[in-house]
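Biologist: Could we go through this model together? I should like to begin with the overall fold and then turn to individual residues.

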Amino acid sequence: MPEGDTVWQAARRLHEALAGEVLIRSDFRVPKYATVDLTGRRVLSTVPRGKHLLTRFEGGLTLHTHLRMEGAWKVYGAGERWRGGPGHQIRVILGTEPRTAVGYRLQVLELLRTTEEERVVGHLGPDLLGPDWDPERALANLRTDPARPLGEALLDQRNLAGIGNIYKSELCFLLGATPWLPVGALPADRAEKLPGLAHRLLEANRDRPVRQTTGLRHQDLFVYGRAPRPCLRCRTPVRVADQGDGSQERPTYWCPTCQTGPAPASDAPQRWRERHRRTPG
């Protein structure tokens, strides 16, 4: 699932390509909106909210999309070949004179009144890359369920919006806690640093083409995708296991030496180790 910095970059690309332009093509390829035509409307803006994208049009309409695991927005110039996937994966096309934005594999696509945006994003916690960022509120949200595993609490967008599976693993490593450590067991000094640390990581990466958390050349991430290679700090083999209720594949990486707290008795199935053995970083 895309992280908050990836969604922020997607919003910027859409905004720069479409904002201020009038649509000359509007093609919704989902049954619910098959008859909708936004041609002739001016695009006002595209803004991110956590992992959600809100594209606003004159006349008080907003297109709400979410990339989920495989979705993507691609922007093409006039005459440029579309390369985002086969045609049957296209869910929406928004075209202006100079640019065309194509939404591929969008699992969430909803057209609503702009005045109703809070209906789809109002449940989110403070946005790590948004104007509403509030570290104190984010920490208070995380602490509402002290028995909850830290990794699960970080992924809950109602606590703070923008963290995905990569940042979850990297944050837990930087905090020296396993993702299975209960939130309430995290030492107070580290808990108080958590919101600021998360904010700095996403801020530092929102303009980067390649995500970087280590500050090291040729080593982009501390633990995510590194199992079973050695930890960059202590050389202990990094481990990987699934975390969550099993409804989604969420490989979680940690160093059993650098991070304290509970962990699964055994690693994730062999398929995870094989899939991520060759992951760069």
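Modeller: Among contacts (heavy atoms within 4.5 Å) between residues at least 6 apart in sequence, 61% join residues at least 24 apart. Please note that this is a predicted model, where local features need pLDDT of at least 70 and side-chain atom pairs count only at pLDDT 80 or more, while totals for chains, interfaces and linings use all residues. Residues are numbered from 1 along each chain as its sequence is written, and side-chain values use heavy atoms, with hydrogens and water left out.

Biologist: How many helices and strands are there in the chain?

Modeller: The chain has 7 helices and 10 strands. These are DSSP runs numbered from the N terminus, with helices being H or I of at least four residues and strands E of at least two.

Biologist: And what radius of gyration does the chain have?

Modeller: The value is 20 Å, which agrees with the figure near 19 Å for a compact globule of 281 residues. That radius is taken over C-alpha atoms, and the globule rule is 2.2 Å times the number of residues to the power 0.38. Along the principal axes, the C-alpha atoms fill a box of roughly 60 × 40 × 35 Å.

Biologist: What share of the residues is buried?

Modeller: Buried residues make up 51% of the 281; buried means under 20% relative accessible area, exposed over 50% and partly exposed in between, with a 1.4 Å probe and protein chains only.

Biologist: Turning to helix 1, what is the distance between its end C-alpha atoms?

Modeller: They are 21 Å apart, which agrees with the span expected for the 15 residues 4-18 at 1.5 Å a residue. The expected span is 1.5 Å times one less than the number of residues. Buried residues of helix 1 include W8, L14 and L18. After the helix comes G20, whose phi is positive, near 90°.

Biologist: Where is S45, and is it buried or exposed?

Modeller: S45 is in strand 2, residues 43-49. Its relative accessibility is 13%, so S45 counts as buried. Leaving aside residues up to four places away in sequence, S45 touches H15, A19, L54, T55 and R56.

Biologist: Which residues does L109 touch?

Modeller: With residues up to four places away in sequence again not counted, L109 touches F28, V30, Y33, L63, H64, T65, R91 and V92. L109 lies in strand 8, residues 108-113, and counts as buried because its relative accessibility is 14%.

Biologist: How far apart are L109 and G196 in space?

Modeller: Their C-alpha atoms are 32 Å apart, with the two positions 87 residues apart in sequence numbering.
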